[in-house]
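Student: I am new to this structure and would be grateful for a close look at a single part of it. Please explain any term that is needed along the way.

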Amino acid sequence: MKPALLVIDMLQEFVHGRLRSPCAEGIVSNIKNLIDHAHSHGVPVIHLVDNHLPTDHELNIWGPHAIKGSPEAKIIDELTPVESDLVLFKRSYSGFRDTGLDALLRDLSVKTLFLTGIHTHICVLHTAWDAFYYGYDIYVVKDAVAAFNEEDHRYALNYMEKTYGAKLITAQEAIELIKAAATKTGSP
Ligand code: ZN
């Protein structure tokens, strides 16, 4: 497997702002740990982040959030990308829609995706749907994703497992897979 680590919407808006998940702060350290391991094993880290125009359709449902150029649309300080990380901006739920993510992953020869971030039942779920549609192997890191509440979180995890064949793993298990993949591909 050639994996990439996807970090979805770990923005000020969703961790501390108007659409914050109460569980978001609890997953930051697991995501940080995964990013550190990805860096040291040559696994691409791709941030997929909301970056809305005020006219975006989705704002009719959720209200204004993560508006392009606003402080709320910034990735939280703890997960600030390094130069080698890739940041793709999105204007709807899925990290694949109008972002060029599929082409980027093909350029990187990536076949396997580790999904992290928020919210489990919205942007993580819709990114997983497109990942399935495009034929990627999907791992959802269940202690590195969060929703508004436990019910939505569990529902979405179950849905992704049953409907997209996503494997639900812990951050520690993801780290072991990253290490194993690096050994196979000869990355450091
Ligand atoms: Zn949005």
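Tutor: A definition is needed at the outset: two residues are in contact when heavy atoms of theirs lie within 4.5 Å. Please bear in mind that this is a predicted model.

The part chosen for the close look is the packing of helix α5 with helix α6. Helix α5 covers residues 120-133 and helix α6 covers residues 150-164. Two packed helices are described by the angle between their axes and the distance between the axes. Here the angle is about 5 degrees, and the axes are 10 Å apart. Because angles under 35 degrees count as roughly parallel, α5 is roughly parallel to α6.

The contact itself draws on both helices. From α5 come Thr120, His121, Val124, Leu125, Ala128, Trp129 and Phe132. From α6 come Asp152, His153, Ala156, Leu157, Tyr159, Met160, Thr163 and Tyr164. By class, the residues of this contact divide into 10 nonpolar, four polar and one charged.

One residue of the contact, Tyr164, merits separate attention. Tyr164 is found in helix α6. Its relative accessibility is 10%, and because buried means under 20%, Tyr164 counts as buried. Leaving aside neighbours within four places in sequence, Tyr164 is in contact with Leu125, Ala128, Trp129, Phe132, Ile138 and Tyr159. Among these partners, Leu125, Ala128, Trp129 and Phe132 are also listed for the α5 side of the helix contact. Tyr164 and Asp130 are 34 residues apart in sequence, yet their C-alpha atoms are 9.5 Å apart in space.

The contact definition serves equally for a residue in a strand. Thr112 has its place in strand β4, which spans residues 112-118. At 2% relative accessibility, Thr112 counts as buried. Not counting residues up to four places away in sequence, Thr112 touches Met1, Lys2, Pro3, Ala4, Asp137 and Tyr139. One of these, Pro3, is 109 residues from Thr112 in sequence but 4.4 Å from it in space, C-alpha to C-alpha.

A remark on cavities completes the picture. A search of the whole structure finds two cavities of 30 Å³ or more, and the largest has a volume of about 80 Å³. That largest cavity is lined by 13 residues, with Phe14, Leu19, His119, Ile122 and Cys123 lying nearest its centre. Its lining divides into eight nonpolar, two polar and three charged residues.

Notes:
Residues are numbered from 1 along each chain as its sequence is written. This is a predicted model: local features need pLDDT of at least 70, side-chain atom pairs count only at pLDDT 80 or more; totals for chains, interfaces and linings use all residues. Side-chain values use heavy atoms; hydrogens and water are left out. On a 1 Å grid over the protein atoms alone, a cavity is a set of points where a 1.4 Å probe fits but cannot get out, and a pocket is an open set with protein on both sides within 12 Å along at least five of seven lines; lining residues have an atom within 4 Å of a point. Grid points are joined across faces, edges and corners, and a volume is the space filled by probe spheres set on the points. Ala, Val, Leu, Ile, Met, Phe, Trp, Tyr, Cys and Pro count as nonpolar, Asp, Glu, Lys and Arg as charged, and the others, Gly among them, as polar. Axes are lines fitted to C-alpha atoms, for helices over the stretch in contact, and angles run from 0 to 180 degrees between N-to-C directions. Helices (H or I, at least four residues) and strands (E, at least two) are DSSP runs, numbered from the N terminus. Angles under 35 degrees count as roughly parallel, over 145 as roughly antiparallel, 65 to 115 as roughly perpendicular and the rest as oblique. Buried means under 20% relative accessible area, exposed over 50%, partly exposed in between (1.4 Å probe, protein chains only).
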